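Here is a friendly walk through one model, from a metal site to a helix. Please have a look at the sequence and structure first.

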Amino acid sequence: MRGRDILVPMPVTMDTLVSLCKRRGFIFQSSEIYGGTGSCYDYGPLGVELKQNIKRLLWRDFVQSRADMVGIDASILMHPTVWKASGHLDHFTDPMVDCRECKLRFRADDVDTLPWTHYCPATKGNKFTIPPGEPCSHCGARRTLCPDCGKGLLTAPRQFNLMFKTFMGPVEEDASVAYLRPETAQAMFVNFDNVLQSMRMKLPFGIAQAGRSFRNEITPGNFIFRTREFEQMEIEYFVNPRDTVEGRPADEYWHDRWIADCMAWFQRYGLREENLKLREHDKDELSHYSKRTVDIDYRFPIGWSELMGIANRTDFDLKQHAKFSGKSLTYFDEERKEHVVPYVVEPAMGVDRALLAFMADAYVEEEVRGEKRVVLRFHPELAPVKVAVLPLLKKRDEIVRRARAIRADLAKQWRVVYDDTAAIGRLYRRQDEVGTPYCVTVDVQTVGDSEKGEAGDGKVTIRDRDSMEQARVPIDALPAVFHELLSGGAWAQVAARYPAAK
Ligand SMILES: [Zn+2]
Ligand SMILES: [Zn+2]
């Protein structure tokens, strides 16, 4: 990573990120003017660019560039039996308790992890807020009532399904119940045979999908870390369980390959190694379908938490859907002349969560000539805006005209902005704060002075976000230079070729 070692990155807090996201147009609270919708967020003009870049890179690196991968884009509403077969109708639940007084609902496991309200009989009923799990220091009582209102009895735990339920068609009756999908994975299983036949796939191969999923989380939170509506990118990678690769069962070999590939992917786009670790699920923690699951955990501002999971789901899903649909979901093994049910390895990523990790890891505060500089050191391919074109003097028509023409030309290939609403120092800081890797300034030397009969040099200054160094580049060369820089070319090489005047 260019120059990263010379800076000391701050451990950024969630509050800092939330505030930056709102101020600079990355992420807004959903329906904010109405007081917001619980745990739903809207991506603003810069957030949508960043998120699209993440999805595009995932697709390019894991689908487009691989001969063994194809994609689908399935509908969110699926046949209700899908969720019966997948186990979601019966098992995708959390035990919940309700307060009989204030009607608040809690996840049963969470009740004793919350501070609790207590009206203490030893102090004439004074109200106290007591830390989670601790007894009252006056009367010694422990929590038995609702932790929030301190008055109501809690109901016995009941299973609460996390799927959003709705109705298909005009009649709200049991026969028309449908669910918003809680994961994208099932569409790959139910389309397994369609993809296999239409694309003439041979094992091992994978199907990928990026799209929205919905979970009616009871205790969502931590900004976009856990939301009720979110974007997933999931891959179902089918292997022949009878094959061996390098002397190991094929499913185990490919599981490890995917873990390594995903880990490398996050690092390639900027997550630092020390902020990533693998976490093996214990046997009793494994889902009912899983032979082995490994999470990639990231050091989020809220602490180490799951960034993505990579599970070996065996043949559970295809067998379940074969059983419930009555259709055969097998693969004909030419070599052994027999039908097999493939095993599947599933890398599953939350796009919103990845976006949060990339932002947290890119955030740096540093001191430049006695002033604080906030920089999002995004990888150039992730950066929402690639280039900002800035006129040094906005009163000179020729400078403004030339700057606008440069923006229009570069914008055919990349997201490029023009800004003349402040002095140059402040314009640079603005772009640093949203992670724009390069700024182009058009100045008097560029255009010359026709009144004095001075011709311009037709060159502009490119300023590198991370090093703050400059290069002087002919306007004609800009597309080629940015092509080089934005696809991983080194700034030092460009700077050496086009030195800035001292
Ligand atoms: Zn209550
Ligand atoms: Zn008490």
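What is the geometry of the site of the zinc ion (ligand 1)? The site is tetrahedral, with angles of 104 to 120° among its 4 donor atoms; four donors earn that label if all angles lie between 85 and 135 degrees. This is a predicted model, where local features need pLDDT of at least 70 and side-chain atom pairs count only at pLDDT 80 or more, while totals for chains, interfaces and linings use all residues. Residues are numbered from 1 along each chain as its sequence is written, chains are lettered from A and ligands numbered from 1 in the order written, and side-chain values use heavy atoms, without hydrogens or water.

The zinc donors (N, O and S atoms within 2.8 Å of the metal, or 3.2 Å for Na, K and Ca) are the SG atoms of Cys99, Cys102, Cys146 and Cys149, 2.3 to 2.4 Å from the ion. Their spacing along the chain is C-x2-C-x43-C-x2-C.

Now to burial: buried means under 20% relative accessible area, exposed over 50%, and partly exposed in between (1.4 Å probe, protein chains only).

| Buried residue | Relative accessibility |
|---|---|
| Cysteine 146 | 0% |
| Cysteine 149 | 18% |
| Aspartate 251 | 2% |

Aspartate 251 belongs to helix α7; a helix here is a DSSP run (H or I, at least four residues), numbered from the N terminus. The side chain of aspartate 251 makes polar contacts of 2.8 Å with the side chains of lysine 291 and asparagine 312. Such a contact pairs N or O atoms within 3.5 Å, one able to donate a hydrogen and the other to accept it within protein.

Terms used: Helix = DSSP H or I, 4+ residues; strand = E, 2+ residues; numbered from the N terminus. Tetrahedral: all angles 85-135°; square planar, octahedral: opposite > 155°, others 65-115°.
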